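Q: Please take a close look at one part of this model, the packing of two helices. Add whatever surroundings help to place that part.

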Amino acid sequence: MNPNEKRPSPSEAHRSHYKRSSISKSPEDAHQKRLALDHQLRKQHREQLVTAKRFRKVDAAAITGDEEEPEYDLSQQELEKIRHKLKNADHEIRIRGLKQLNIYLVDPPATVKEFVIKGDCVDVLMQFISGTDPEEQLQATWCITNLAGGPAEICEKVLPTVPYLISYLDGQNTALQDQAAWAIGNIAAEADNFREQLRANGALLPLSRLLNSADKRLVQTVCFALSNLARGPNARINEYFTSGIATQLLRHLATDDMCEIVSELCWVLTYLTCGDHTFSTALLNDGLAALLVSF
């Protein structure tokens, strides 16, 4: 420093370290800032692709018998016909009504949105979900899955079904377990308060037990639900370790070779290791690094 140059005061020197400025100090600083922003955007994009909500598409042609692309607009009169089917005394007609309704839940037209938000759509579905007919339970849960995949105002409407969805996880019907886990994953993707309700209702332990399933598709769906449940600042990651989920994930990583399952496993592990280093250290001590390198 030039001896004739005025030395900054201690307070000025302190502020210079912390002063915020949108103007980069050099071309290299600007380049690094762009790289960091690009990395962040790509990370967010990957996360949205892999862990965001997922609809389960419906084979409309198989339901309607029409090979052409169905019209996804639905008049009030057509909606009333579906509602009457849902309340029909004949089992097969009710099932057909559930399937027809589900066609319009992925991208619901205005009539269906109003039926869900202001009408009794979820109440009707709840009657099937709380019933005893496995086929009706499955089709109604499929509807709930796609409703939960929608925007917050629609997803919020399905929260009363959470206790039933969680109870399905401990059942013996693999298809129903898979669909319930899928619905839970979509609900968990919505917001922290939705995830908190799932945790408060005890979703974590039955999901952890399903990691023992021999059904690979079910394990994949469960990992999707677990990764979304582990998001956010209040994820209670310690519960993943005390429940044995971390050990199960490592076991699957060592034994499963399906890319889809490995991808879902890695997303759960990403959330488990992004917070307190205690959990990262525990996983590394259990051999996580060697397992990842093997791929």
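A: **Helix packing in close-up**

At 1% relative accessibility, L79 counts as buried, because the cut-off for buried is under 20%. This is a predicted model. L79 sits in helix α4, which spans residues 76–86. Leaving aside residues up to four places away in sequence, L79 touches L74, T111 and F115. L79 also gives a way into the requested part. Its C-alpha atom is 8.2 Å from that of L101, and 22 residues separate L79 and L101 along the chain. L101 is one of the α5 residues that meet α7.

Now the helix pair itself. Two packed helices are described by the angle between their axes and the distance between the axes. Here the partners are α5, residues 91–103, and α7, residues 121–129. Their axes come within 13 Å. They cross at roughly 135°. Angles over 145 degrees would count as roughly antiparallel, and 65 to 115 as roughly perpendicular. The α5 and α7 pair falls in neither class, so the two helices are oblique to each other. The crossing of α5 and α7 is left-handed.

Which side chains are involved? On the α5 side, the residues are R94, L98 and L101. On the α7 side, they are C121, L125 and F128. By class, the contact of α5 with α7 has five nonpolar residues, no polar ones and one charged. The charged one is R94, because Arg counts as charged. Leu, Cys and Phe count as nonpolar, which accounts for L98, L101, C121, L125 and F128.

For a second local view, take an arginine elsewhere in the chain. R199 lies in helix α12, residues 192–200. R199 has a relative accessible area of 11%, so this arginine is buried too, under the 20% cut-off. Residues up to four places away in sequence aside, R199 touches L229, R231, N234, A235 and R236. Two arginines, R231 and R236, are therefore among the contacts of R199.

Last, the whole chain. The protein has 19 helices and zero strands. Of its 295 residues, 40% are buried; L79 and R199 are both buried. Among contacts with a separation of 6 or more, 71% join residues 24 or more positions apart. The protein exposes about 16500 Å². Carbon and sulfur atoms supply 52% of that area.

To return to the requested part: α5 and α7 cross at roughly 135°, with their axes within 13 Å. The contact between them holds five nonpolar residues and one charged.

How values were computed
Residues numbered from 1 in each chain as written. Predicted model: local features only at pLDDT ≥ 70, side-chain atom pairs only at ≥ 80, totals over all residues. Heavy atoms only, no water. Helix = DSSP H or I, 4+ residues; strand = E, 2+ residues; numbered from the N terminus. Buried < 20%, exposed > 50% of the residue type's maximum accessible area, 1.4 Å probe, protein only. Contact = heavy atoms within 4.5 Å. Areas by Shrake-Rupley, 256 points an atom, 1.4 Å probe, with all protein chains shown as cover. Axes fitted to C-alpha atoms, helices over the stretch in contact; angles between N-to-C directions. Parallel < 35°, antiparallel > 145°, perpendicular 65-115°, else oblique. Left-handed = near helix turned anticlockwise from the far one by under 90°.
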